[in-house]
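The following exercises are to be worked with the sequence and the model side by side. Each task is followed by a solution in steps.

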Amino acid sequence: MYNSKIIGLGYYVPDNVVTNDDLSKIMDTSDEWIQERTGIKERRHVEPGKDTTTSMGVKAAKKAIERAGIDKDDIDFIVFATLSPDYYFPGPGVLVQRDLGIKTVGALDVRNQCSGFVYAMSVADQYIKTGMYKNILVIGSELHSRGLDMTTRGRSVSVIFGDGAGAAIVSREEDTTKGILSSHLHSEGQHAEELSLIAPGMGKRWVTDIIEDADVDDTSYFPYMNGQFVFKNAVVRFSEVIMEGLKKNKLTPEDIDMLIPHQANLRIAQFIQKKFALTDDQVFNNIMNYGNTTAASIPIALTEAWEQGKIKEGDLVVLAAFGSGFTWGSLVMRW
């Protein structure tokens, strides 16, 4: 058995900055209202024709590959996490394989929304621990802006989300005291519709139904979120799954050198930080700059924390996420 370890990180966000004041010009909202509830000051939106979920993932991946010091053809497998694929099918994993010119390795898509990157890393970890693969490219990438209701009707959701991508090269580590120590995954599908996008989907409303009805008031193809219900569940599940990971490895919150929470809402991260009595140096947040980039949020934040020297060799790093599904998970690793 091996451990798996991150040996390269990269991220990409579009150049186009959209501030809260920019949004206040197209919907009934304000900088104060958004910051008070979410902590977000600005986010990035792709400009038409410039980026896709796949192209952002490719740009992040190129940086991760370069920093890992490997060749693209050293990659044995690709895991791509997103809720916003370029196409309904095929998924973006194979498009990354094509666009990077990687040999015909396997490509897997993960559809676990906000917890997608944690799930994807757990999948990569299992493949490497068993010896099946040596180097796996894991990507989290999201293009939200084209699918949001950018009017007053959709403001409770649309002000939260942004576009971007993050990537990691996960590689074989023979020293089992280093790398990913454990991963912990959960779901509670009874609350699936509390944070969801119902259409187009084969279950209720497919494209043909939407076209036939031509209902300008149909919001089934815009994201829906029961914000207060999601918040209440998130703070509970975040706490549980972080403690689960620590207990598994006989650790305590005091042992955490860096917690990277999914960037869903700054208030959730602050609640968790206070509950675990962590200092500002032990928690990394960047939601104020990028909004919620769903599956991309953790790899973007992880990369920035590493670039800023906040994560060093030997540090205990914890990743944790909660989101649509409901799904949640944590990853404990020794850097």
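Is Asp-99 buried, partly exposed or exposed? At 39% relative accessibility, Asp-99 counts as partly exposed. Here buried means under 20% relative accessible area, exposed over 50%, and partly exposed in between (1.4 Å probe, protein chains only).

The model is predicted: local features need pLDDT of at least 70, side-chain atom pairs count only at pLDDT 80 or more, and totals for chains, interfaces and linings use all residues. Residues are numbered from 1 along each chain as its sequence is written, and side-chain values use heavy atoms, with hydrogens and water left out.

**Exercise 1. Salt bridges**

Task: Determine the salt-bridge partners of Asp-99, Arg-37 and Arg-155.

Solution.

Step 1. A salt bridge is a side-chain nitrogen of Lys or Arg within 4 Å of a carboxyl oxygen of Asp or Glu. Side chains of opposite charge can pair when their charged atoms come close. The structure holds 14 salt bridges.

Step 2. Asp-99 is paired with Arg-98, and their closest N and O atoms are 2.8 Å apart. Salt bridges that share partners also join Glu-188, Arg-237 and Glu-240 into one network.

Step 3. For Arg-37 the partner is Glu-36, with the closest N and O atoms 4.0 Å apart. Arg-37 is partly exposed at 38% relative accessibility, whereas Glu-36 is exposed at 53%.

Step 4. Arg-155 meets Asp-28 in a salt bridge at 3.7 Å, N to O. This pair links distant parts of the chain, 127 residues apart: Arg-155 belongs to helix α6 (residues 155–158), and Asp-28 to the loop between α1 (20–24) and α2 (31–38). Helices (H or I, at least four residues) and strands (E, at least two) are DSSP runs, numbered from the N terminus. Arg-155 counts as partly exposed, at 29% relative accessibility.

**Exercise 2. The surroundings of strand β6**

Task: Establish how many residues of β6 are buried, and identify the strands that pair with β6.

Solution.

Step 1. Eight of the eight residues of β6 are buried, so the strand is largely enclosed by the rest of the structure. Asn-135, Leu-137, Ile-139 and Ser-141 point one way from β6, while Ile-136, Val-138, Gly-140 and Glu-142 point the other way.

Step 2. Two strands pair if DSSP finds at least two bridges between them. Strand β4 runs parallel to β6, with five bridges; Phe-80 has Ile-139 of β6 as its bridge partner.

Step 3. Strand β7 (residues 164–173) is antiparallel to β6, and eight bridges join the two. Glu-142 has Gly-164 of β7 as its bridge partner.

**Exercise 3. Aromatic rings**

Task: Classify the ring pair formed by Phe-77 and Tyr-133, and locate charges over other rings.

Solution.

Step 1. Rings of Phe, Tyr and Trp (its six-membered ring) pair if their centres lie within 6.5 Å; planes under 30 degrees apart count as stacked, over 60 as edge-to-face and the rest as tilted. A search of the whole structure finds 10 aromatic pairs.

Step 2. The ring centres of Phe-77 and Tyr-133 are 4.9 Å apart and the planes are at 10°, so this pair is stacked. Phe-77 lies in strand β4 (residues 77–81) and Tyr-133 in the loop between α5 (116–129) and β6 (135–142), so the contact ties together parts that are 56 residues apart in sequence.

Step 3. Phe-77 is buried at 7% relative accessibility, and Tyr-133 is buried at 17%.

Step 4. Phe-229, Phe-322, Phe-326 and Trp-328 form one aromatic cluster.

Step 5. A charge sits over a ring if NZ of Lys or CZ of Arg is within 6 Å of the ring centre and within 35 degrees of the ring normal. Lys-63 lies over the face of Tyr-11, at 5.7 Å from the ring centre, and Arg-172 over that of Tyr-2, at 4.4 Å.

**Exercise 4. Backbone features in loops**

Task: Locate two cis peptide bonds and two residues other than glycine with positive phi.

Solution.

Step 1. One cis bond joins Phe-89 and Pro-90, with omega about 0°; Pro-90 lies in the loop between β4 and α4.

Step 2. Another joins Gly-325 and Phe-326, with omega about -20°. Phe-326 is placed in the loop between β12 (316–323) and β13 (327–334).

Step 3. Gln-113 has a positive phi of about 50° and is buried, at 15% relative accessible area. Ala-277, with phi near 55°, is exposed at 61%.
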